[in-house]
Amino acid sequence: MASTRKPTFKPATDPRQSKAGRPGGDSGEVISAQRSVEPEVDSKVTGTTKVTGAAKAGKTSAAGNVIAFPEPKNRRQRRLVLWTLSVVAVVVGALIAGAVFSPVLAVRTITVDGTSLVTPDAVRTALAGLEGKPLPQVTEQEINELLKPLVQVRSATMEARPPSELLVHVDERIPVALLKQGDSYVMVDVDGVQLGATQDLATVALPLIDAGVGTTNTELFKAIAAVLDTLPADILARMSTASAASPDAVELKLVDGKTVVWGNAEDRELKAKALEALLRMPPDPKVPVSVYDVSVPRHPFTK
């Protein structure tokens, strides 16, 4: 860039220039031109930068030509959605935390259904430790652990009814036979679990398995119990006794004295349907029936 400083002129004072200026050694005055330059301030020393007018003008012009573009719409929407989701998550988390720990939802009433062998009061007593606990904190696993001492209960499910009711659905074990023990008769399920006792056979409509102490641990009991567990409740109630010479020779007696030849425990469901069909056949006085044989369930017969 061309300098804008003006030159200054000073008269020459060097005598040598005076002598050489004219031929013949005339001492006429000679004029010389010199440019005076203002000293520039070293930015390294002063720590400042000298900005010329042109630079200032260029900077101002550049600043004036900057265009501010608007933020893209999709980016603005995405940021709004993320912010909204964050707020919703915080609110939902606070509500859940409040529900889980709120004393407003504490258990105050325990309702029980599905019981016949065990009383509802016995179930409520076993679950008394849940009273005062918030409903969201109660689990079915905890309920089943508390009900383990009640052998009649196989399992249980729960239903929370806010603000303070806990409904417990009990799934009881199903007795399939009676075992004689001393002077009493003990009800057992298919697994041999003792569910109760009675002194009178007439009070319980179940067949008697009289095989002595330790019957539930034998193969014969398992085979007989598996058969009885397959029978519908109305047919099971018509049975008087159940026995087996071997696991492949299960035999049942009806209360009217008739015999059911069952065989082994295979095809239990099909044999149960065949026996049900035979028992529903109208009796024929001319052809009395004393035996129902379903050992071959696809070809059952009577005799």
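This is a short talk on the predicted model of one protein chain, going from its overall make-up to a few particular places in it.

Let me begin with the chain as a whole. It has 303 residues, and buried residues make up 26% of them. Along the chain there are 9 helices and 14 strands. The accessible surface comes to about 20,200 Å², and carbon and sulfur atoms account for 57% of that surface. If we take the contacts between residues at least 6 apart in sequence, then 48% of these join residues that are at least 24 apart.

I would like to start inside, with helix α7, which covers residues 219–230. Two of its residues are worth finding in the structure in front of you. One of them is F221, which lies in this helix and which counts as buried because its relative accessible area is 2%, where the limit for buried is under 20%. The C-alpha atom of F221 is 8.5 Å from that of P247, although the two residues are 26 apart along the chain.

The other residue is L228, again in helix α7, and here the relative accessibility is 1%, so L228 is buried as well. What does L228 touch, once its neighbours within four places in sequence are left aside? The contacts are V176, A177, P207, I209, L236, A242 and L252. For V176, one of these contacts, the C-alpha atoms lie 5.9 Å apart, while the separation along the chain is 52 residues.

Let me now turn to the charged side chains. As a general point, side chains of opposite charge can pair when their charged atoms come close. In this model the count comes to 10 salt bridges, and I will go through three of them.

In the first that I have picked, D191 pairs with R154, and the closest N and O atoms are 3.9 Å apart. This pair links distant parts of the chain, since D191 sits in the loop between β7 (184–188) and β8 (194–198), whereas R154 belongs to strand β4 (residues 153–161), 37 residues away. Are these two partners buried, partly exposed or exposed? D191 has a relative accessibility of 49%, so it counts as partly exposed, and R154, at 40%, is also partly exposed.

The other two salt bridges both involve R161. The side chain of R161 meets that of E159, with 3.5 Å from N to O, and it also meets the side chain of E165, where the N to O distance is 3.8 Å. As for exposure, R161 is partly exposed because its relative accessible area is 36%; E159 is partly exposed at 32%, and E165 is partly exposed at 22%. Elsewhere, salt bridges that share partners join R154, R173, D189 and D191 into one network, so the D191 and R154 pair that I described a moment ago has a place in that network.

Between β4 and β5 (165–172) there is a loop that holds P163, and here I would ask you to look at the backbone. The peptide bond from P162 to P163 is cis, with an omega near 10 degrees.

Finally, let me move to the surface, where I have two patches to show. The first patch is one of negative charge, in which D248, E266, D267 and E269 gather. Where in the chain does D248 lie? D248 is in the loop between β10 (239–244) and β11 (250–254), and it counts as exposed because its relative accessibility is 54%, with the limit for exposed set at over 50%. D267, another member of the patch, is found in the loop between β12 (259–263) and α9 (268–279). At 42% relative accessibility, D267 counts as partly exposed. There is also a backbone feature to note at D267, namely a positive phi of about 55 degrees, although this residue is not a glycine.

The second patch is nonpolar, and it is made by L80, W83 and V87, with an area of about 340 Å². W83 is placed in helix α4 (residues 73–101), and it is exposed, because its relative accessible area is 58%.

To close, I would keep two places in mind for comparison: L228, buried in the model at 1% relative accessibility, and W83, exposed at 58%.

Conventions. Residues numbered from 1 in each chain as written. Predicted model: local features only at pLDDT ≥ 70, side-chain atom pairs only at ≥ 80, totals over all residues. Heavy atoms only, no water. Patch = residues over 30% accessible without salt bridge, like charges linked within 9 Å, V, L, I, M, F, W, Y side chains within 5 Å. Areas by Shrake-Rupley, 256 points an atom, 1.4 Å probe, with all protein chains shown as cover. Salt bridge = Lys/Arg side-chain N within 4 Å of Asp/Glu carboxyl O. Lys, Arg positive; Asp, Glu negative; His and termini not counted. Charge placed at Lys NZ, Arg CZ, Asp CG, Glu CD. Helix = DSSP H or I, 4+ residues; strand = E, 2+ residues; numbered from the N terminus. Buried < 20%, exposed > 50% of the residue type's maximum accessible area, 1.4 Å probe, protein only. Contact = heavy atoms within 4.5 Å.
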